[in-house]
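Please open the model in a viewer with the cartoon representation switched on. The stops below suggest what to select at each step and what is to be found there.

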Amino acid sequence: MILEIKNLSKTYGDKQAVNQALKGVSFSLKKGEILGIVGESGSGKTTLLKLVSGLEKPDAGEILLDGKPLSAKRTKDDYRRMQMIFQDAVASFHPRRTIADSIRETTNSLLGRAEKPDLNELSERVGLSIELMERRPGNLSGGQCQRFAIARALSVHPEILLCDEITSALDVSNQAQILRLLSGICRDTGTSALFVSHDLAVVSNLCDRILVMKDGVIVEEGDARQIIHEPKEAYTQKLIESVMEVKDVRERVQKYWTIRTKDFNAIRLNELHDEISDRWSAELNARIPCGKALDVLDAGTGTGYFAVLLGREGHRVTGIDLTASMLEEARKTAELFKVDAGFLQMDVQETDFAEESFDVIVTRNVTWTLPDPGKAYNEWYRLLRPGGILLNFDANYADNVRNHNQKESWVKPKDVYGHIGITKELSEENAGITLAMPASRHHRPQWDGILAKEAGFSEWGADEEVGKRVLREHDLSDAPLFLFWARK
Ligand code: ADP
Ligand code: MG
């Protein structure tokens with residue numbers, strides 16, 4: 001254990017207004033681990049980090065660094081060993097000094113004047129050019145400042161990074177990059193981190209182990225998977241649900257899949273190493289002209305499963321998805337399987353492609369989650385070349401959930417597979433399908449035929465045996481999976 005926290009307490013205020021911000025918190029951090037700490041605003045997360053870093057003193061409790069208790073009076077070296085990184089990166093730098101000067105000041109005070117920071121290496125480490133270090137914080141973006149704040153922390157060779165909401169002020173794609181950067185640093189250098197955030201989506205995506213804080217105590221602790229899928233505390237469940245309360249549908253879908261990325265990626269990586277991927281390849285190849293390299297669009301690629309299968313066959317694949325963290329994993333997986341595929345963040349219902357067109361569009365488990373599947377069919381038609389084919393593998397999840405009251409829903413919330421707990425989200429996310437299907441008095445995949453016809457496709461058909469062939473012994477062999485294909 002690099003860090004052990006024992007019974008840490010802190011009270012603010014005087015006798016009139018006592019505010020017990022921390023009430024006996026204990027946990028430990030392994031070397032190289034990124035431990036997530038999540039909880040709503042005011043739960044005591046920042047207080048905890050301030051006590052650990054030495055910015056404030058605890059009323060009671062003990063902090064052991066590498067097995068040795070830290071004394072109340074911290075030495076310079078104690079400060080060096082644990083570096084705090086804050087939410088407001090711009091404000092964490094002196095406004096009138098260049099970034100380079102600020103970093104030199106940090107190393108001067110904590111390492112001594114004899115040791116000069118290697119600014120080249122530091123900027124490279126955080127993926128920015130060294131020229132940017134000559135700027136003042138006001139002339140950099142929030143994301144750039146946060147990268148340099150990480151660089152400044154690294155300049156004194158810390159053992160632990162104390163990260164307080166470091167992605168909260170950034171947009172989604174900057175968030176994903178910072179998370180990737182941080183996990184790379186911890187993996188490569190063996191640095192440990194306490195990663196504090198109010199956002200469970202962010203924490204569960206980055207960390208293997210999570211502590212949940214409420215009112216100054218740790219109410220739940222466990223691995224990220226368990227916390228997300230089997231929360232023991234109602235409070236944790238509330239945090240998970242609050243993630244889904246974001247109003248904008250697109251943002252909500254992104255949040256949902258950001259939370260699910262790690263878990264989903266593990267499933268798909270397993271499948272890539274399993275013979276089930278040969279069966280999927282066979283299904284794809286049976287419908288795609290073989291013998292020549294085609295331009296393929298994998299719409300809603302997720303972590304890149306179909307993109308990798310088709311890239312392996314020699315096709316030129318572009319994968320698009322709404323969720324940045326999914327695309328990050330897709331890029332890694334493509335690299336792992338030495339497949340040359342491109343990945344772009346786009347909405348499958350409304351892509352940014354202007355000139356591009358494709359011979360084949362594949363999509364899997366996407367249509368049922370779309371607010372407007374008709375729009376997607378129109379867009380896929382637009383992007384296909386004449387004679388091109390759409391292969392839409394989907395399932396009747398929505399249909400089953402819609403009929404929840406009449407018949408047994410196929411989706412069992414506790415089922416550990418692709419769509420845990422979707423019942424609730426489904427009814428919120430796929431309003432398009434749940435409303436449109438009964439109105440049309442058709443079920444899928446017949447309903448897809450109507451949409452395809454409206455979009456202009458000349459020929460289409462369905463194959464409802466695909467699930468039985470592909471999934472076989474897998475625990476979802478009873479999934480209502482089908483292939484809907486359409487030709488332009
Ligand atoms: P979080 O980071 O989880 O939002 P904080 O650690 O900032 O929570 O706050 C925990 C509690 O301590 C809150 O009730 C907050 O108002 C209180 N608190 C934090 N800092 C101070 C302070 N300097 N003076 C008084 N109360 C404080
Ligand atoms: Mg805070």
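**First stop: the strands around β17**

Strand β16, residues 459-463, pairs with β17 in the antiparallel sense over five bridges. To locate one of these pairings, select Glu 459 and its bridge partner in β17, Arg 487. Strand β17 covers residues 481-487 and also pairs with β15, residues 384-395, in the antiparallel sense, here over seven bridges. For this second pairing, select Asp 394, whose bridge partner in β17 is Phe 482.

It should be kept in mind throughout that the model is predicted.

**An overall view**

Please now display the whole chain. Its secondary structure amounts to 19 helices and 17 strands. Of its 488 residues, 43% count as buried. Among contacts with a separation of 6 or more, residues 24 or more positions apart account for 69%.

**Second stop: the sheet β2-β1-β4-β5**

Next, select the strands β2, β1, β4 and β5. They form an open sheet of four strands in that order, with antiparallel pairing. Which strands stand at the edges of this sheet? They are β2 (19-29) and β5 (68-69); each has a single partner strand, so one side of each is left without a neighbour in the sheet.

Now restrict the view to β4, residues 60-65, and β5, which pair in the antiparallel sense over two bridges. One pair to highlight is Leu 65 with Lys 68, its bridge partner in β5.

Between β4 and β5 lies a loop that holds Asp 66. The backbone of Asp 66 merits inspection, as phi is near 55°, a positive value in a residue other than glycine. For context, most residues other than glycine have a negative phi. Is Asp 66 buried or partly exposed? Asp 66 counts as partly exposed, because it has 13 C-beta neighbours inside 10 Å, and a residue is buried only from 20 such neighbours upwards.

**Third stop: helices α3 and α5**

Select helix α3, residues 99-111, together with α5. These helices pack at an angle of about 25°, and their axes are 9 Å apart. The two helices are therefore roughly parallel to each other, and α3 passes α5 in a right-handed crossing. To view the contact, show the side chains of Ile 99, Ser 102, Ile 103 and Thr 106 of α3 with those of Phe 148, Ala 151 and Arg 152 of α5. By class, the residues of this contact are four nonpolar, two polar and one charged.

From α5 (142-154), follow the chain into the loop that leads to β7 (160-164), where His 157 is found. His 157 has a phi near 50°, which is again positive in a residue other than glycine. With 15 C-beta neighbours inside 10 Å, His 157 counts as partly exposed.

**Fourth stop: Asn 174 in α6**

Proceed to helix α6, residues 172-189, and select Asn 174 within it. Asn 174 has 18 C-beta neighbours inside 10 Å and therefore counts as partly exposed. Add Gln 144 to the selection and draw a line between the two C-alpha atoms. Asn 174 and Gln 144 are 30 residues apart in sequence, and their C-alpha atoms are 9.2 Å apart in space.

**Fifth stop: helices α12 and α13**

Finally, select helix α12, residues 305-312, and helix α13, residues 324-336. Their axes come within 9 Å and cross at roughly 25°. This makes α12 roughly parallel to α13, since angles under 35 degrees count as such. The crossing of α12 past α13 is right-handed. Which residues meet here? Ala 307, Val 308 and Gly 311 in α12 meet Ala 330, Thr 333 and Ala 334 in α13. This contact has four nonpolar, two polar and no charged residues.

With α12 still selected, colour its residues by burial. How many of its eight residues are buried? Seven are, and α12 is thus mostly covered. The buried residues of α12 are Tyr 305, Phe 306, Ala 307, Val 308, Leu 309, Leu 310 and Gly 311. The tour ends just after α12, at Gly 314, which takes a positive phi of about 95°.

Notes:
Residues are numbered from 1 along each chain as its sequence is written. Chains are lettered from A and ligands numbered from 1 in the order in which they are written. This is a predicted model: local features need pLDDT of at least 70, side-chain atom pairs count only at pLDDT 80 or more; totals for chains, interfaces and linings use all residues. Two strands pair if DSSP finds at least two bridges between them. A residue is buried if 20 or more other C-beta atoms lie within 10 Å of its own, exposed if 12 or fewer, and partly exposed in between; C-beta atoms are placed from the backbone. Two residues are in contact if their C-beta atoms, placed from the backbone, lie within 7 Å. Axes are lines fitted to C-alpha atoms, for helices over the stretch in contact, and angles run from 0 to 180 degrees between N-to-C directions. Angles under 35 degrees count as roughly parallel, over 145 as roughly antiparallel, 65 to 115 as roughly perpendicular and the rest as oblique. A crossing is left-handed if the near helix is turned anticlockwise from the far one by less than a right angle, and right-handed if clockwise. Ala, Val, Leu, Ile, Met, Phe, Trp, Tyr, Cys and Pro count as nonpolar, Asp, Glu, Lys and Arg as charged, and the others, Gly among them, as polar.
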